Amino acid sequence: MAKNLSFSYSKMGMYKECPQKYKFRYVHMLPEKPKYYFAFGTALHAVMEFIFDPTKLTFPSLQQALQFFDTTWNKTSFEQKGYASAAKELEGYTEGRRIIESYYAANSSSFVHPLSTEMKSTLELDGLSLISILDRVDYLGDGKIKILDYKTGKTVQREPDQLYMYQKVVENSPTVRKLVLSKEPNVKEIRVAQLSFYHLPTLQEMTFERAADKEIFEFWQGVLQIADKIRAGKFDPTPGENQCRWCDYRNLCPVFTGKEYGAVSVEKASAPAQPTNVQDVLSEKIDRCGALEEEVKQLRQEIIALLKQHHFERHFGKNYQAVLSNTEKVEFPNKEKVIELLRRFQLLAKVLVPTQSTILHLLEDDSVPAEAKQSLRALTTQTMQETLSLKKTE
Ligand code: SF4
């Protein structure tokens, strides 16, 4: 039997960012350079694990937590952490201590032991070996779970994929089941009731309700599609200004070297790419891609015009068929008003991201008040849209 593919939220994120980058990291096993923000986050996660150690009956004092942070921090040099200088590392150290002090000032009177901290879970599911580290799992009773993820970056963003992944893992995890049953042996079903991001630098918590089964199903289909592409060896680069600017593999990447990695030696490829070569390769691809896009747009307009002129809904070429259809498009053009309305009716927690599909989902939700639905409907616009689809004939 084929071995399950080792997978995680961060691997999925890297593949989505750029499949070629994933290939460098997980197929060629080339490590990335240390990043100071990872070292900073790791040290603070270790402190939170130390504070909420579920095997201890009491909680450490602020002084003990700070001492633990100092010991963890001093295990590596500033270079190993990825800081540019000792002075920059000192800024990180000072900020880390400030965060711990303010965390204690705000929360130490209400500390409670979680079900688990930094729980490493490996779940074998649908041909995947899914690895997750859950920062904190709380038990709310009656089979209900709260998952909390600590964030240590400058800002905290909604990351629905991460929440979906955690929900999927926790509800299927034998480890979580065992822990819950040790607290309440008669529990039949384990359900995630809440998912939270806790931003340590600002002590802000963003809490979301359980994602709907339909959302999880769609998310999981996406995960399985990515896994299929990885198994099929599909690693085409998807260059972009943001991802390429910070990518450690630029000097090896075919987009910048003009050659497949492996066709050149690592030593040679590690040398900085020739700017003229990079500019030539990129310019040629950009121009070719732009010209093709323009031609496709023009062709589609001509096909639609001809189909309409002759009242055809469908027509066949030698290898493809074209189908013209009209679909009703429902939109929420005023996003700010939608968010304001969701906030007024306290519905923001019900949607991880206020997209068209999540809002439409709310309109079918029996627990949403009729007044809220009516107000949401008043914000929609409906238009008919012509869609041309091209399919390969059998
Ligand atoms: S340099 Fe850009 S295209 Fe190449 S691997 Fe990195 S992110 Fe992908």
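Helices here are DSSP runs of H or I with at least four residues, and strands are E runs of at least two, both numbered from the N terminus. What you're looking at is a predicted model, where local features need pLDDT of at least 70, side-chain atom pairs count only at pLDDT 80 or more, and totals for chains, interfaces and linings use all residues. Residues are numbered from 1 along each chain as its sequence is written.

**View 1. Helix 9 from end to end, residues 213–231.** Take 1.5 Å times one less than the number of residues and you get a helix's expected span. For the 19 residues of helix 9 that gives 27 Å, and the end C-alpha atoms are indeed 27 Å apart, so the two agree. Just after the helix comes Gly233, with a positive phi near 75 degrees.

**View 2. The two faces of helix 9.** Glu215, Val223, Ala227 and Ile230 are its buried residues (20 or more other C-beta atoms within 10 Å of their own; exposed means 12 or fewer, partly exposed is in between, with C-beta atoms placed from the backbone). They cover an arc of only 110 degrees around the axis, so they sit on the same side of helix 9; the arc is taken from the directions from the helix axis to the C-beta atoms. Turned away from that buried side are the exposed Lys214, Phe217, Gln221, Gln225 and Asp228.

**View 3. What helix 9 packs against.** Its buried residues pack against strand 1 (5–8), helix 1 (9–17), strand 3 (128–141) and helix 7 (160–172).

**View 4. Around Ala43.** Setting aside neighbours within four places in sequence, Ala43 is in contact (C-beta atoms, placed from the backbone, within 7 Å) with Phe69, Thr72, Trp73 and Gly96.

Conventions
Two residues are in contact if their C-beta atoms, placed from the backbone, lie within 7 Å.
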